[in-house]
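Got a new structure in front of you and wondering how its labels are earned? Let's go through some of them.

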Amino acid sequence: MGRIDTLLAAMTIEEKIGQLNMVASTLAVTGPGQLGDIHEGIRTGRIGSLLNHWGADEVHAVQRLAVEESRLGVPLLLGLDVIHGHRTIFPVPLAEACLFAPDLWEKTARAAAEEATQDGVALTFAPMLDVARDPRWGRIVEGPGEDSWVASQIAAAKTLGFQGQDLAAADSLAATAKHFCAYGAVTAGREYASVDVSERTLREIYLPPFSAAVAAGTAAVMPAFIDLAGAPMTANAPLLQGWLRRELGFEGVLISDYNAVAELMNHGVAADAVEAAALALKAGVDIDMTSDCYVRGLPEALKRGLVTMAEIDVSVRRVLDLKDRLGLFDDPYRRGSAWPHGARDAERRELAREVGRRAIVLLTHRAAILPLPPEIRRIALIGPLAAASREMLGPWASAGRAQDAVSILEGLEAALPQCRIDHAPGVDIAGQDTEGISAAVDLCAGAEVVVLCLGEAAAMSGEAASRADLGLPGRQRELADAIFDLGKPVVVLLSSGRPLTLPWLFERADAVLATWFLGGEAGHAVADVLTGRFNPTGRLPLSWPRLVGQVPIFYRQRPTGRPTKAGEHYSSSYLDVPATPQFPFGHGLSYSRFALFDFKCDPSSAKAGEFVEVSVTVANDSEVDGEATLFLFVHDLVASVARPVLELKGVRKIDLKGRERGRATWRLSTGDLSFLGPNLNPVLESGRFEIHVGQSADPAGLLTEVIELTP
């Protein structure tokens with residue numbers, strides 16, 4: 001018998017269930033639940049995994065209990081939320097999505113894996129692949145934005161980055177694709193609320209990123225807290241056992257979210273912990289995170305005949321197999337002893353700076369006041385986010401420390417040593433005190449330009465951080481209005497984990513940049529862009545609404561029988577605001593000016609299995625070197641099912657010097673024109689297709705050609 005067969009044969013029922021039991025460490029708690037004596041649980045084999053336990057010495061101490069003091073010596077699995085960096089904190093995932101750069105997505109995951117495994121961690125609860133089209137939902141900050149194609153690219157890049165080439169390597173971190181699935185569609189953007197979407201939307205939008213993660217080899221998948229059309233995901237056997245395991249062939253571990261097995265009772269599908277444990281296990285959930293339901297419920301579920309020993313053994317085998325693949329049986333201490341701390345800190349911080357400045361999106365630039373001239377001598381840096389280094393880390397900072405984060409103030413001071421920078425917060429982020437506004441206004445009197453730092457606190461995004469009002473919290477608008485009334489040039493930096501609905505601000509500011517939460521190098525990244533050391537390249541991975549009443553809003557709409565037409569009453573529109581977003585998907589300005597022309601599709605007719613070369617000339621019509629980002633969309637003009645007016649199929653970037661021209665090309669497979677037909681099976685139908693290329697999803701800026709797919 002092999003190692004795992006031998007262990008299974010030797011285990012008691014308590015030890016088997018222990019392998020399915022993940023307990024929160026006393027080092028940190030991220031949700032409800034009770035903490036018991038974890039040391040005794042490890043010694044008796046009743047705890048197989050720990051959550052939120054990190055640090056080489058700390059990890060090795062508990063691992064020693066499992067390996068040297070438990071009866072069978074089965075090593076522990078150590079998991080941690082390494083979301084956008086571990087010690088070196090990178091931009092929040094929504095900001096990182098603005099890069100549209102799989103190579104950098106993979107690099108930041110690799111850097112995070114190296115640091116987390118150095119601290120003894122073996123598994124992360126990432127990447128988060130929830131497509132989200134409602135910025136009221138706080139967890140939009142953790143995800144890829146609104147587009148399923150982008151989410152799928154991120155899924156593959158992050159999985160490869162975390163896990164590396166060999167899962168057993170000392171610097172490999174098992175990935176957990178989450179939250180399966182449609183969590184981003186919670187009702188009214190309210191955390192943990194129900195989801196009810198069509199089967200078509202589920203399969204076209206919310207499932208593909210998980211398919212991409214499985215194809216990339218993700219070690220684990222985490223079901224979402226929510227219910228989908230009345231079926232809680234933690235007990236959703238048709239999707240977990242059916243689609244994920246049988247249809248996709250996923251053989252890895254399913255890990256519940258925090259306390260989610262017990263919450264099946266709150267959902268109203270289980271009367272007690274016994275029923276909850278049975279439902280989750282039969283749905284394929286292998287590890288119960290922190291609810292203790294498997295420990296309390298599975299023995300009785302066996303007695304009642306709700307589960308079988310064979311079903312328990314299947315889950316235990318999967319958990320043991322993951323531990324084996326991670327190399328924990330061969331060397332349970334390999335993580336936490338690979339490198340001394342600080343060996344590559346400088347390199348990782350430089351990567352954080354590069355990714356941070358690439359994540360910044362120049363939203364508006366009405367007065368062309370950027371970049372700041374090198375001869376500038378006085379700046380007023382105003383607002384509650386200007387010196388808020390802790391906020392720059394975002395809501396999931398893992399082991400990141402506020403004292404290691406560079407604030408916007410510190411970044412500008414370092415970049416402009418010859419310039420006087422006067423700073424005042426004016427107001428708190430969410431407070432009601434306005435007494436500081438007058439002093440802030442007075443500081444602006446002698447300034448050549450005002451840099452106004454507004455937005456949210458990091459805790460206003462993330463889990464359990466839904467917001468019904470997407471405006472500036474507290475009294476920040478009063479501060480902004482007072483500054484605008486001075487008539488000075490004003491650059492606004494928006495720190496947030498979501499789009500903020502601020503049409504009044506976009507009308508008044510000379511320039512507005514979405515600076516999100518950029519991580520430990522935030523201040524340097526912002527300074528690089530403001531001073532022109534770096535020409536902004538960030539592009540929005542979502543549609544930015546004008547008002548909260550527009551959400552959910554996204555570019556991938558289907559054509560209606562009465563499309564939106566300005567001035568036409570009986571069309572798909574609002575009475576009080578345009579139907580279009582404030583900024584479209586893909587929007588982002590540059591200090592360069594790019595023009596597209598000579599758009600071609602060759603050949604203009606193709607058959608199944610063939611390719612079409614799509615190409616366009618890009619001209620940099622400015623003197624400033626820059627990087628253009630181009631999006632390729634398709635539209636099936638007539639199909640058996642109404643198709644979206646735009647579907648993203650590819651992204652290209654091209655670097656051009658001032659006044660230089662270049663050509664961007666795509667090799668579009670006719671297979672990319674397939675879709676789920678009336679019976680939700682993939683079909684490829686002949687007919688005419690519009691091919692669009694542009695710098696965003698704004699229809700006014702798209703170049704269009706028509707190709708024909710022939711039988």
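Q: How do you know that the length of helix α7 (residues 148-163) agrees with what it should span?
A: The expected span is 1.5 Å times one less than the number of residues. With 16 residues α7 should span 22 Å, and its end C-alpha atoms are 22 Å apart, so the two agree. Helices here are DSSP runs (H or I, at least four residues), numbered from the N terminus. This is a predicted model: local features need pLDDT of at least 70, side-chain atom pairs count only at pLDDT 80 or more, and totals for chains, interfaces and linings use all residues. Residues are numbered from 1 along each chain as its sequence is written, and side-chain values use heavy atoms, with hydrogens and water left out.

Q: What makes α7 largely enclosed by the rest of the structure?
A: Twelve of its 16 residues are buried, so the label fits. Buried means under 20% relative accessible area (1.4 Å probe, protein chains only). Among the buried ones are V150, I154 and F162. Their cover includes α6 (102-118) and β21 (647-656).

Q: Why is C453 called buried?
A: Its relative accessibility is 0%, and the cut-off is under 20%, so C453 counts as buried.

Q: How do you know that C453 has no bond to the sulfur of C444?
A: A disulfide needs two cysteine sulfur atoms within 2.5 Å. The closest cysteine sulfur to that of C453, in C444, is 11 Å away, so it's too far for a bond. By this rule the count comes to zero disulfides.

Key
Buried means under 20% relative accessible area, exposed over 50%, partly exposed in between (1.4 Å probe, protein chains only). Helices (H or I, at least four residues) and strands (E, at least two) are DSSP runs, numbered from the N terminus. Contact means heavy atoms within 4.5 Å.
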